[in-house]
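Reader: I'd like to go through the salt bridges with you. Could you take me through them one by one?

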Amino acid sequence: MKPNPFIFSSRNGRSLPVACALLACVLVMPGFLRAQAQGPVKVSLDDAIQLALKHNHTLLAAQTTILQDQALEVQANLRPNPTFFADWEYLPLTANEWNTTYLHDETEADAGLSYLFERGKKRQHRLQAAQDVTAQARSLVADNERTLTFNVASQFFNVQLAESTLDLATLDVNSFQKTVDISEYQYKIGGMSEGDFLAIKLQLLQYQTDYEQAILAKDQGLDDLRNMIGYESVPADYDVAGPFDYEPLKANMEDLQIKALQNRPDLRAAEQGITAAISQWELQKAEGKVDVTGQGNYSHVNSINAFSIYVSVPLPIFNRNQGNIAQARYAITQSQEQQRGTNQQVLTDVHDAYVGLKENDRIVVLYRSGYLDAAVRARDIEKFAYEHGGAALLDWLNAERTYRVTELAYRQSLYSYLTALEQLREAVGTRSLP
């Protein structure tokens, strides 16, 4: 029998149409090609922040405190357990006395049930106090998220600074390498002294050193950022993406302070601390109320069956929970003072961050006002003059160094400005500034 060219045999001996295999290739290959074409994963600043909020283990550990406090809410809302007890007394020691008559007429058996009746709405106060603690824990976790967001953004800008420095170093090395090649040729044909050639070659060493240091700074920065956003959330060859540029801010300090008082989670936690302290005070006053224990007993004594009811109430002569009530009252004052201190700290943070941002803003604007172009032009003029015999080698190398120092200083100033802007966002408590 002649084989069918459109059928192939599988391992289990069954025959499958080649068309199915081709269809599978058609369905799978586009996705595979897209994955290959996409290259390394690019993470923006917003992506990095969201990944950190989802995968940072320190934050995830802090978030469990909310669940722990919610579990304590359940515990606080529980009622006391009833107590059951039973006894059988005057049992015989000899075997011949173990008979129905003796057990009925001569022994005593008791069984009873007791329950503690809480007064002063203790359970309701316990639950309210636990709920207030949980609310404060949520705000404290939100404050952890605020701090983590700032740290991630700062590290993100640090990586961008390293990449910008690496780009500059790459251009400098490639450009100056051509100068070294030309100078080497001129030296060999006698058009340049050995001293001038060595001076140019040593200048290349500085550019190559900057290049290697920039590579190291980028790799270390990416590792540190990966640790913040979750080591397993991005692949090892990931990279950052986004503009590393100047973003002017026009908001005034008063509006930022008002917004901070509305948004800062640590201030909200301090305010909730007052509420929690008041709840503890109410709970301690309720704990000062005496509870009542009710008990019912069934007794069988010498062939007599009886039922007894007991009620016990502690007499609040000495202990009325005075110390805990007083301590809770002072804790309210403590929480109020902490809230006032946090309020002042919020205003101070916004003021300091705003002043720092404005200072960095002036520096960046100063560079962008013409000094960057002046450094490039001064270098080009000295290079042209040197190549045409109108300037000394030292003048040209100094202009080259000045250009490199100016470019690096501008990038550092830009990084400082972006970090200051992020610090202002942290101080205000939101990334959406007015």
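Author: Happily! By the rule that a salt bridge is a side-chain nitrogen of Lys or Arg within 4 Å of a carboxyl oxygen of Asp or Glu, the count comes to 18 salt bridges. This is a predicted model, where local features need pLDDT of at least 70, side-chain atom pairs count only at pLDDT 80 or more, and totals for chains, interfaces and linings use all residues. Residues are numbered from 1 along each chain as its sequence is written, and side-chain values use heavy atoms, leaving out hydrogens and water.

Reader: How many residues apart in sequence are the parts that K42 and D239 tie together?

Author: The side chains of these two residues, K42 and D239, form a salt bridge at 3.5 Å, N to O. K42 belongs to strand β3 (residues 42-43) and D239 to strand β6 (residues 239-240), strands being DSSP runs of E with at least two residues, and helices runs of H or I with at least four, numbered from the N terminus; so the pair ties together parts whose separation in sequence is 197 residues.

Reader: Is R126 buried or exposed?

Author: R126 pairs with E118 in a salt bridge of 3.0 Å, N to O. Buried means under 20% relative accessible area, exposed over 50%, and partly exposed in between (1.4 Å probe, protein chains only). E118 is partly exposed at 28%, whereas R126, at 18%, counts as buried.

Reader: Which helix holds both K285 and E282?

Author: Their side chains, those of K285 and E282, meet in a salt bridge at 3.6 Å, N to O. K285 and E282 are three residues apart, about one turn of the helix, and the helix in question, residues 265-287, is α8.
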